[in-house]
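Me: Please take a close look at one part of this protein, and set it in the context of the rest of the chain. I would like a connected account.

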Amino acid sequence: MYKAVILIGGPQKGTRFRPLSFDIPKPLFPVAGVPTIQHLIEACCKVPNLREILLIGFYQVDESINQFVSSMVKEYNINIGYLQEYTALGTAGGIYHFRDQIQSGDPEAFFLINGDVCGDFPLVEMTEFHKENEGWITVLGTEATKLIRMRNFAGLHILALSYEQSIDITGCAKDCISLEQDIVTPLASKGKVYAFHSTRWWSQIKTAASAIYANRHYLDLYLKTHPNWLAKNVPDGPFIIGNVFIHPSAKVHNTAHLGPNVSIGKNVVIGAGVRIKESIILGNATIHDHTLVLHCIVGWNSTIGAWARIEGTPSDPNPNKPFAKMENVPLFNNTGHLNPSITVLGCNVQVPPEVIVLNTIVLPHKDLSQSYKNEIIL
């Protein structure tokens, strides 16, 4: 029997994901139509004999988290619980603090996954590898973009449940304990850690731009695993190019052109002649006629007027790289100007007709009155 532990962090984390994380915990941000963390839950549920999934973080328990956990239990028919830390304890501190809950039922081992990783994870193959080597810890290894870091931990581990041996941190005096630095590194020198190398897609969600990258690859993955999930060209429907997700409640005019790599959220309204590409449109947004949206995230309840142009610049030079680890380009360059990136509209942003918003970040509840380029609208 196995368990899975997913570390979802807390509210003071994910600052690079602002302004999107102002309105929803980052793990619940929708990518390819579902919350990011749901992709991880679904991957875990494919492992035979996995009986329980525990989410560990220091978000306050609220309606959004409770509703999400309840819906996941119902959808995947597996026991899922949220364990709230009293403060940030680190990747090892959290699992040690809740060791009794993790050990309950005497699982053979458990998966430990960082909540901000995305990918096509070979969990079944990794489990067999872990059994064969009889190590204390197995880490998922993949490639990064920088040559000096050709091997990079992918934020996913399998740990044997022997706290007396593999994760004994009782003698550690630090308040925040890192699994990678305080546990894995010392054990690796003793030959107790194995690396399972994967060539499948993997990335992290650290910034809004990385969500666009993950959206592209999750849509491609869903085309293989959930063929009926994506939108298709049908009579009297919008023109679909490549992989596109449209929530059933969305209303899209039949003259709109969507794709490739577009996700349309709940109750979104898209007018005639709209063109959207490489973007995420969040719930209750309205995009009026003949607007162009490229490389953008449009926030909840935002409205874009007719004949507007909302455009960003992809942060990764090659979106087809399966191992693209987002380089997290600094917000400003050496001259003090905003580095080109995707355009992000926070929630409840109003964009008037016939304006251009290029490479700009707009905080929530803003009414734009003119065009903007390479700016942050506070």
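Reply: What follows looks at the seven-stranded open sheet, with Ser-263 in strand β16 as the way in.

The model is predicted. Its protein chain holds seven helices and 30 strands. Of the 378 residues in the chain, 54% are buried. Among contacts with a separation of 6 or more, 56% are between residues 24 or more positions apart. The accessible surface is about 16900 Å², and carbon and sulfur atoms account for 51% of this area.

The strands of the open sheet come in the order β13-β16-β19-β22-β25-β28-β30, with parallel pairing. Strands β13 (244-246) and β30 (376-377) are at the edges; each has a single partner strand, so one side of each has no neighbour in the sheet. Further in, β19 (residues 279-281) and β22 (residues 296-298) run parallel and are joined by two bridges. Ile-280 has Ile-297 as its bridge partner in β22.

Helix α7 (residues 208-225) lies across five of these strands, namely β13, β16 (262-264), β19, β22 and β25 (343-345). The helix runs at about 95 degrees to β19.

Ser-263 sits in β16. With a relative accessible area of 4%, below the 20% limit, Ser-263 counts as buried. Its side chain makes a polar contact of 2.6 Å with the side chain of Asn-215. Asn-215 is also on the list of residues in contact with Ser-263 once neighbours within four places in sequence are set aside; the others are Ala-32, Gly-33, Leu-219, Phe-245, Ser-279, Ile-280 and Ile-281.

The sheet and helix can also be placed relative to the nonpolar cores. The largest nonpolar core has 60 residues, and Ile-297 is one of those with the most contacts inside it, along with Ile-6, Phe-29, Leu-50, Ile-53 and Leu-55. Helix α7 supplies the largest share of this core, nine residues. Apart from this core lies another, of 30 residues, including Ala-250, Val-262, Ile-287 and Val-357. In soluble globular proteins, nonpolar side chains tend to be buried together.

Leu-50, Ile-53 and Leu-55, named above for their contacts in the largest core, lead to strand β4 (residues 50-57). Seven of the eight residues of β4 are buried. Strand β1 (residues 2-9) runs parallel to β4 and is joined to it by seven bridges, with Ala-4 opposite Ile-53. Strand β5 (residues 79-84) also runs parallel to β4, through six bridges, and here Ile-56 stands opposite Leu-83. Leaving aside neighbours within four places in sequence, Leu-55 is in contact with Ile-6, Ile-37, Phe-68, Val-69, Ile-80, Gly-81, Tyr-82 and Leu-83.

A last site is in a loop. Ala-272 is found between β17 (269-270) and β18 (275-277). At 16% relative accessibility, Ala-272 is buried. Not counting residues up to four places away in sequence, Ala-272 touches His-253, Thr-255, Asp-289 and His-290. His-257 is 15 residues from Ala-272 in sequence, and their C-alpha atoms are 9.2 Å apart.

How values were computed. Residues are numbered from 1 along each chain as its sequence is written. This is a predicted model: local features need pLDDT of at least 70, side-chain atom pairs count only at pLDDT 80 or more; totals for chains, interfaces and linings use all residues. Side-chain values use heavy atoms; hydrogens and water are left out. Two strands pair if DSSP finds at least two bridges between them. Helices (H or I, at least four residues) and strands (E, at least two) are DSSP runs, numbered from the N terminus. Contact means heavy atoms within 4.5 Å. Axes are lines fitted to C-alpha atoms, for helices over the stretch in contact, and angles run from 0 to 180 degrees between N-to-C directions. A nonpolar core is a set of buried Ala, Val, Leu, Ile, Met, Phe, Trp, Tyr and Cys residues joined through side-chain atoms within 4.5 Å. Buried means under 20% relative accessible area, exposed over 50%, partly exposed in between (1.4 Å probe, protein chains only). Accessible areas come from the Shrake-Rupley method with a 1.4 Å probe; for residues, only the protein chains shown count as cover. A polar contact is a pair of N or O atoms within 3.5 Å; within protein, one must be able to donate a hydrogen and the other to accept it, and residues adjacent in sequence count only if both atoms are side-chain atoms.
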